[in-house]
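Trainee: I am new to this structure and would like a close look at a single part of it. Could you take me through the aromatic rings and the helix that carries some of them?

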Amino acid sequence: MDVNIEAFWKKVKSVKNSNRLIIAALTLFYVMCDGDIPVWVKALCSSALIYFINPWDPFGPDPIIYADDIAILAAALSSISKHIKSSHKAQAKRHIKKRT
């Protein structure tokens, strides 16, 4: 499974007022891009991020409704927690600081 990088960054830029969602997505993204991460972890990250960027949201196009995305990303993060490095979290937080 490959994540469309352009669609990922477009979605990240489009999300407003939900740093929690963006930090979760970015953390998964940086874990997925890490060369030292097992393939199954990358596959799980990729699956969650594909759901995140999916333009056909089952709860409608309203950008305020991110509950399903947060649930999927949180479940993925929980499943791979042993593989998340402090550097992944730091990269996500640095990106958030640039946005604000």
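Mentor: What follows describes the aromatic rings, and then helix 2. Please keep in mind that this is a predicted model, in which 5 aromatic pairs are found. In one of these pairs, the rings of Phe8 and Trp9 have centres 5.1 Å apart and planes at 75°, and because planes over 60 degrees apart count as edge-to-face, the pair is given that name. The two partners differ in how they are covered, since Phe8 is buried with a relative accessible area of 0%, whereas Trp9, at 23% relative accessibility, is partly exposed. Another edge-to-face pair joins Phe29 and Tyr30, with 5.4 Å from centre to centre and 70° between the planes, and here both residues are buried. Taken together, ring pairs link Phe8, Trp9, Phe29, Tyr30 and Phe52 into a cluster. Phe52 also has a charged neighbour, as the charged end of Lys11 sits over its ring, 5.4 Å from the ring centre.

Turning to the helix, Phe29 and Tyr30 both belong to helix 2, which runs over residues 19–33 and has 15 residues. From its first C-alpha to its last, helix 2 reaches 21 Å, close to the 21 Å expected at 1.5 Å a residue. Helix 2 is mostly covered, with 11 of its 15 residues buried, and among them are Leu21, Ile22, Ala24, Ala25 and Leu26, as well as Thr27, Leu28, Val31 and Met32.

Methods: Residues numbered from 1 in each chain as written. Predicted model: local features only at pLDDT ≥ 70, side-chain atom pairs only at ≥ 80, totals over all residues. Heavy atoms only, no water. Phe/Tyr/Trp six-rings, centres within 6.5 Å; stacked < 30°, edge-to-face > 60°. Buried < 20%, exposed > 50% of the residue type's maximum accessible area, 1.4 Å probe, protein only. Lys NZ or Arg CZ within 6 Å of the ring centre and 35° of its normal. Helix = DSSP H or I, 4+ residues; strand = E, 2+ residues; numbered from the N terminus. Expected span 1.5 Å × (residues − 1).
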